[in-house]
Amino acid sequence: MESAKPSPGSPDPNEGFLRLWMRHEQELRAFVHACIPQAAEVDEVMQEVSVVAWRKFPTLMDPEQFPRWACLIARYEILMARRRHARGRLVLDETLVEKLAEEGAEEMSVRHRQLDALDSCIGKLPRERREVALIAYAPQASMKQLAAQMGRTEGSLYQLLARIRQELLRCVERTLAQEAHAP
Amino acid sequence: MNQEQLDLLHGYLNGSLNEPDFARLQSLLQENADARRTLRSLSTVEVKLSQLALLHSEAVRVWVDPPRERGLSTRWHSWWPLTASAVCLGLMMSAWWWQASQRVFATVVNEVGVEELTNGSSLRGETQWLKGGSVELVSARGARIVIEAPAEFRFESAQRLWLMKGRLSAEVPPAAKGFTVVTPSGDAVDLGTRFGVDVPANGAAEIHVFQGEVIAKASGNASNQSLRGGDAVAMNGGGSTARELRSSAFIQPDEMHGLSAGLAAGQRARSEAALTDMRNDPALIALLDFESGEAQPGVFYTVQGRWPGSRAPEFVHVGDHLKLDVGGESEWPQITLAAWVRLDRLGAPYQSLLHTDGWNDDRPGQLHWMVTRHTTMRLALRGNTLAPDSEEKEMYPDSRTSVLPEQGRWMHLATVYDAGAKTVRFYLNGRFDKETRQSIAHPAKLGTAQIGNWDRQDRKLSGRVDELLLLGRAMSDEEIVALFEAGNPYR
């Protein structure tokens, strides 16, 4: 317990790790989620990744390389999780997961900018849409219950969520394109 | 990517794909790099939504409490405080964002007949549609804004307001310098001032600067235009055209209080009751309240009248007018003319309230009713002459009290003509103003006419006319007072 208390002023490896983890946790989570759609499994993988990354942190020479380095750890944990859950479920082929992860590792800076842009894009959603999305994405949310509350079918709720995601993605792409053209 | 392919990706994220669709998804992802990239981007969207939803829900505590039930490894145990503090810090940062996104951009401080908003309502980034009425807002930086319906608007921040439709006036203190109104045809950037923006349902947005300086940026135009107090422009097609200033066309904060008090006091119902009485008056020639929704012949804008959501014609451009044809060749020994009028500007030589067409010797008694350059009312009847002792210098009966203080407010103008008594009596806001005597006094004639202009020469009235009454008898002073008091939108 007491191990995680950095004393002010002294360079603490825990603190260094914590800073990097904080900065990149969301993009790493997005990287994992692209290969594993189920939120609970993503949590599980992220937990393992954080443990392994912290243990191996002293071996990381260049903090700039943290996202790529963490992706390598995550990629291994993703494949492990995939094998654990492979039986009896619709799970992507291992080669495809490898491909998604490999390309994803190259996109970590894009991920970071996308997450930044999403803050304002979600803020720009019409209020009702934003609220539906936040309720639907809450842990333990039941689509069935939410659909019933909204007087919709589950199918139409899923369609609505798809439209919201699509709208957000368009907003993100527009924002990044504008950034690219800014002087 | 086509829609079908996108549907597969969303189905996968929703966990709602069946086996054949899942197989199609796999081959799509294998073959198509764009699909893989889109999947990663959509996953990023989901991660952000989950992060915010977590903050939004009770489940936050589940995360922060040590998750004992998950069966932790010992390794995890020593790791836990670090993760917990990381999560806490992450939550704090996200909470900060969430609060920022929930930040109030403006607050409603007054409203008149707006169903959609109440006093004290907080405005964030949501779009507002106002069917009727007016609303007064104060932005987080202290800019005071009045928006008149029909309107559609949205705050992007405390300093950026999107006005898709409607009429807005703003008083911007130094703290809010740079406050910008974005319209479909251009932006108005305030440099510390008072100004108005009018976005009609069809047509170019206009900026009117009452005081100070505003930068106009027409959409699609790289160069900006600096506007000073007294300037007005219309922005369209990437350019801007000078317009005459109509500062009084905009409801401003000081007017709001009177309007909201009037509405609260039940003035609208009183006005309707009075109108019903007038319609039953056997001497009624015409009563135009513009509420029937029937298209009136002429060229004018239809805007809000005295009451929230009501209608009134507005005359803006040279030649704007509303046609009226009542009475034919009938003659009235007595006539009362009354109207609620909102003048946007004064100083034009003549602003027509009602002008019968032409001005012919062979139509003695045809009448012209107007506000003149002297900012007083005039009632001229063809062939009539002033009594020798009258004070008028321009041959026609004029009122005495200037309407200047009433500019930019609804005012009630009335004139009672009596050919038998040879008198013209003027009333402003119910108060008797003056009587002018005539030597020759023909009975009054109407026929084809224009409200807000004259068919021979431009005598456009700048502003709105609501509830125009033509009555074939002389109303008494008491009746005029009652008419004014019943129809007064202010308290």
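Guide: In this predicted model, pLDDT is the predictor's confidence in each residue, on a scale from 0 to 100.

Visitor: Among the elements of chain A, which has the highest mean pLDDT?
Guide: Chain A averages a pLDDT of 83, and 90% of its residues score at least 70. Among its elements, the lowest mean, 83, belongs to helix H7 (residues 143–150) of chain A. The highest mean, 90, is that of helix H8 (residues 154–181) of chain A.

Visitor: Over which residues of chain A is the pLDDT below 50, and how many contacts does this stretch have beyond near neighbours in sequence?
Guide: Where pLDDT is low, the predicted coordinates should not be read in detail. That caution is relevant to residues 1–10 of chain A, where the pLDDT is below 50. Beyond near neighbours in sequence, the number of contacts that residues 1–10 of chain A have in the model is 10.

Visitor: Which element gives the largest share of the largest nonpolar core?
Guide: This core has 45 residues, and those touching the most other members are Phe31(A), Val32(A), Phe66(A), Leu92(A) and Leu25(B). Two or more residues each come from helices H1 (13–35), H2 (39–56), H3 (66–85) and H4 (94–106) of chain A, and from helices H1 (3–14), H2 (19–31) and H3 (33–56) of chain B. The largest share, 9 residues, is given by H3(A).

Visitor: Leaving aside its neighbours within four places in sequence, with which residues is Phe66(A) in contact?
Guide: Phe66(A) is one of the residues that touch the most other members of the largest nonpolar core. Setting aside neighbours within four places in sequence, the contacts of Phe66(A) are Phe17(A), Leu20(A), Trp21(A), His24(A), Phe57(A) and Leu60(A).

Visitor: How many residues are in the second, separate core?
Guide: The second core is separate from the largest one, and its members include Leu367(B), Val371(B), Leu446(B) and Val465(B). Its number of residues is 40.

Visitor: Which cysteines form a disulfide?
Guide: Over all chains the count of disulfides comes to 1, and its two sulfur atoms are 2.0 Å apart. The link is left-handed, with -85 degrees about the S-S bond. It joins distant parts of the chain, 50 residues apart, one in helix H5 (residues 108–124) of chain A and the other in helix H8 of chain A. The two residues are Cys121(A) and Cys171(A).

Visitor: Are the two cysteines of this link, Cys121(A) and Cys171(A), buried or exposed?
Guide: The cut-off for a buried residue is a relative accessible area under 20%. Cys121(A) has 2%, and Cys171(A) has 8%. Because the values for Cys121(A) and Cys171(A) both fall under that cut-off, each of the two counts as buried.

Visitor: Why is there no bond between the sulfur of Cys35(A) and its closest cysteine sulfur, and how far apart are they?
Guide: Cys35(A) is buried, with a relative accessible area of 6%, and Cys71(A) is buried as well, at 2%. A disulfide requires sulfur atoms within 2.5 Å. The closest cysteine sulfur to that of Cys35(A) is in Cys71(A), and the pair is not bonded because the distance is too far, at 9.3 Å.

Visitor: How many bridges join E5(B) to strand E6 (residues 160–171) of chain B?
Guide: E5(B), residues 144–157, runs antiparallel to strand E3 (residues 128–130) of chain B, with 3 bridges, and Trp129(B) has Glu152(B) as its bridge partner. With strand E4 (residues 134–139) of chain B, E5(B) pairs in the antiparallel sense over 5 bridges, Val135(B) standing opposite Ile147(B). Towards E6(B) the pairing is again antiparallel, with Phe155(B) bridged to Leu161(B), and the number of bridges is 10.

Visitor: Which residue takes a positive phi in the hairpin of E4(B) and E5(B)?
Guide: This hairpin has 4 residues between its strands, while the one joining E5(B) to E6(B) passes through 2 residues. The positive phi in the hairpin of E4(B) and E5(B) is near 95 degrees, and the residue that takes it is Gly142(B).

Visitor: Which backbone oxygen does the side chain of Gln159(B) reach?
Guide: Gln159(B) lies in the loop between E5 and E6 of chain B and, at 14% relative accessibility, counts as buried. Its contacts beyond four places in sequence are Arg141(B), Ala176(B), Lys177(B), Gly178(B), Phe179(B) and Thr180(B). The side chain of Gln159(B) comes to 3.2 Å from the backbone oxygen of Lys177(B).

Visitor: Which are the edge strands of the open sheet of 6 strands in chain B?
Guide: The order of this antiparallel sheet is E16-E19-E28-E21-E22-E23. E16(B) is joined to strand E19 (residues 321–332) of chain B by 2 bridges, with Gly298(B) partnered by Leu322(B). The strands that pair on one side only are E16 (298–299) and E23 (377–381) of chain B.

Notes: Residues are numbered from 1 along each chain as its sequence is written. Chains are lettered from A and ligands numbered from 1 in the order in which they are written. This is a predicted model: local features need pLDDT of at least 70, side-chain atom pairs count only at pLDDT 80 or more; totals for chains, interfaces and linings use all residues. Side-chain values use heavy atoms; hydrogens and water are left out. Two strands pair if DSSP finds at least two bridges between them. Contact means heavy atoms within 4.5 Å. A nonpolar core is a set of buried Ala, Val, Leu, Ile, Met, Phe, Trp, Tyr and Cys residues joined through side-chain atoms within 4.5 Å. Buried means under 20% relative accessible area, exposed over 50%, partly exposed in between (1.4 Å probe, protein chains only). A polar contact is a pair of N or O atoms within 3.5 Å; within protein, one must be able to donate a hydrogen and the other to accept it, and residues adjacent in sequence count only if both atoms are side-chain atoms.
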